[in-house]
Amino acid sequence: MKFCFPQETAPGETRVAVTPASAKRLVKLGLEVAVECGAGGASGYADGDYEAAGAHVMADRGELFRTADALVRVRHTPAGELDLLREGAVHVSFLDPFNEKELLARMAARKLSVISMEMIPRTTRAQKMDALTSQANLGGYVAVMLGANRLKKVLPMMSTAAGTLLAGKVFIIGVGVAGLQAIATARRLGARVEAFDTRPVTAEQVRSLGAKFVEIDLGGETGQTDQGYAKDLTPEQLARQREGMKALCAGSDLVVTTAQVFGRPAPRLLTADMVAAMKPGSVIVDMAVETGGNVEGSVAGETVEVGGATIVGERNLPGRVAHHASQVYAMNICGLLEEFWDKETKKLNLNPDDEIIAGCLLAADGQVRDARFR
Ligand code: NAD
């Protein structure tokens with residue numbers, strides 16, 4: 001089977017789904033690997049290194065698509081290029097399936113077997129293929145670095161002959177994978193860090209990183225789904241949460257919001273009046289900006305000034321550290337392909353009875369398999 005890795009074409013996408021190291025592993029396993037010429041350029045991987053790893057570097061993008069038994073990439077193929085793929089090919093990428101139902105239907109009509117990296121179950125067995133985690137982790141790091149870079153202050157306390165500079169106050173809202181890395185990064189920079197999440201299990205994780213967990217009584221049950229995702233709050237609970245966070249936001253130098261409810265628009269956690277009450281020079285990084293935003297006034301892809309505060313709404317934060325983001329994404333892809341590669345038939349075995357394939361194979365045999373995405 002020929003596995004083809006194209007150059008990403010989505011605006012601002014700097015990552016790539018294969019690195020020379022991952023190509024080497026796949027070739028050793030018996031896969032034929034082809035990489036589009038220049039695909040690793042934006043993330044710092046050279047064509048010559050892919051060739052040295054045993055991959056073919058192909059200059060003709062059309063040929064790469066037409067000859068692919070499997071097309072493996074970071075972002076999904078745009079509708080205009082789908083017809084280049086042959087019927088029955090496998091397509092592996094992030095898919096944004098809740099928002100891309102029409103595209104998924106087209107892919108199914110094209111008889112592609114479509115794997116969505118977002119839908120890989122969050123189980124121990126699937127950990128090595130969990131690209132949501134590998135990317136969110138780096139996103140959390142980047143969010144704090146971007147925020148710190150915008151501050152007019154330093155984060156660590158400094159006692160100098162010219163006086164003492166107080167440690168910066170950082171508030172992290174949402175303590176999933178990104179939030180935990182944001183806490184750890186802000187702590188490494190010496191900030192005083194507080195954090196909040198609606199899932200009570202996160203309190204201990206926050207404390208173990210040397211940060212303070214903020215207690216807010218939301219009234220009624222919160223908790224998480226069996227996949228570990230947050231449950232949606234009621235409007236009353238959200239109002240209580242905002243009330244409970246008001247003073248904290250006003251006293252913080254940097255607020256990083258990472259709150260998401262899987263498959264739903266992000267909850268609105270900071271209203272315009274909460275932003276207006278923040279200190280001059282304070283910074284908010286809205287990591288949920290691409291799913292609707294946690295912060296009123298944040299703009300996807302932009303950094304805006306609102307009153308005295310700066311709201312950073314940059315997209316694709318992992319793409320800011322594309323070398324490492326590609327390295328871990330490529331290893332997630334390796335983990336997936338190795339798990340389902342049948343050495344005897346030399347084919348991918350996408351058996352829907354397997355719980356991982358059941359979760360992430362969204363289309364096959366001309367059908368969209370999961371009713372949620374039809
Ligand atoms: P996510 O990106 O879906 O959400 C980010 C965080 O926002 C979550 O912690 C969520 O609880 C929080 N949130 C939602 N609404 C909120 C609100 N109103 N206020 C404050 N916070 C709010 O989450 P994720 O990082 O993808 O992680 C989801 C779950 O999956 C976590 O429980 C994580 O531990 C688990 N997980 C498990 C594995 C594994 O076992 N293999 C791997 C990765 C993640």
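Colleague: Which backbone nitrogen does the side chain of Glu-8 reach at 3.0 Å?

Modeller: In this predicted model, the side chain of Glu-8 reaches the backbone nitrogen of Arg-75, at a distance of 3.0 Å. A polar atom of that Glu-8 side chain also lies 2.7 Å from the backbone nitrogen of Val-74, and both pairs can be read as polar contacts because the cut-off for such a pair is 3.5 Å.

Colleague: Where along the chain is Glu-8 found, and is Glu-8 buried or exposed?

Modeller: Glu-8 sits in the loop between β1 (2-5) and α1 (20-29). A residue counts as buried when its relative accessible area is under 20%, and Glu-8, with a relative accessible area of 7%, is therefore buried.

Colleague: How should I read the overall form of the protein chain, and how many helices and strands are there?

Modeller: The protein chain has 12 helices and 19 strands. Its radius of gyration is 22 Å, close to the 21 Å that the globule rule gives for 374 residues, so the chain is as compact as a globular protein of that length. Taken along the principal axes, the box filled by the C-alpha atoms is roughly 65 × 50 × 35 Å, and 51% of the 374 residues count as buried.

Colleague: Turning to the ligand, which residues around it come nearest?

Modeller: There are 25 residues around the ligand, and those that come nearest are Val-177, Asp-197, Arg-199, Gly-228 and Gln-241. By residue class, the shell is made up of 10 nonpolar, 11 polar and four charged residues. Both domain 1 (2-130 + 322-373) and domain 2 (136-320) contribute to this shell, with at least three residues from each.

Colleague: What polar contacts does the ligand make with Arg-122, Thr-123 and Gln-260?

Modeller: It helps to ask, for each pair, whether the protein atom belongs to a side chain or to the backbone. For Arg-122 the protein partner is an N or O atom in the side chain, 3.0 Å from an oxygen atom of the ligand. For Thr-123 the partner is a backbone N or O atom, which lies 3.4 Å from a nitrogen atom of the ligand, while a polar backbone atom of Gln-260 is 3.3 Å from an oxygen atom of the ligand. As for cover, the ligand taken alone exposes 850 Å², of which the protein buries 85%.

Colleague: Which residues other than glycine have a positive phi, Asn-316 and Asp-365 being the ones I would like to examine?

Modeller: Asn-316 has a phi near 45 degrees, a positive value in a residue other than glycine, and Asp-365, which is not a glycine either, has a positive phi of about 50 degrees. Asn-316 is placed in the loop between β15 (309-312) and α11 (322-340), whereas Asp-365 is found in the loop between β18 (361-364) and β19 (367-368). Asn-316 counts as buried at 11% relative accessibility, while Asp-365, with a relative accessible area of 71%, is exposed.

Colleague: How far apart in space are Leu-95 and Gly-147, and where is Leu-95 placed?

Modeller: A separation in sequence and a separation in space are best read side by side. Leu-95 and Gly-147 are 52 residues apart in sequence, and their C-alpha atoms are 28 Å apart in space. Leu-95 itself belongs to the loop between β5 (90-93) and α5 (101-109), and at 1% relative accessibility Leu-95 counts as buried.

Note on methods: Residues numbered from 1 in each chain as written. Predicted model: local features only at pLDDT ≥ 70, side-chain atom pairs only at ≥ 80, totals over all residues. Heavy atoms only, no water. Near = heavy atom within 4 Å. Polar contact = N/O pair within 3.5 Å; in protein donor to acceptor, adjacent residues only side chain to side chain. Areas by Shrake-Rupley, 256 points an atom, 1.4 Å probe, with all protein chains shown as cover. Nonpolar A, V, L, I, M, F, W, Y, C, P; charged D, E, K, R; others polar. Domains from an automatic or database assignment. Helix = DSSP H or I, 4+ residues; strand = E, 2+ residues; numbered from the N terminus. Rg over C-alpha atoms; globule rule 2.2 N^0.38 Å. Buried < 20%, exposed > 50% of the residue type's maximum accessible area, 1.4 Å probe, protein only.
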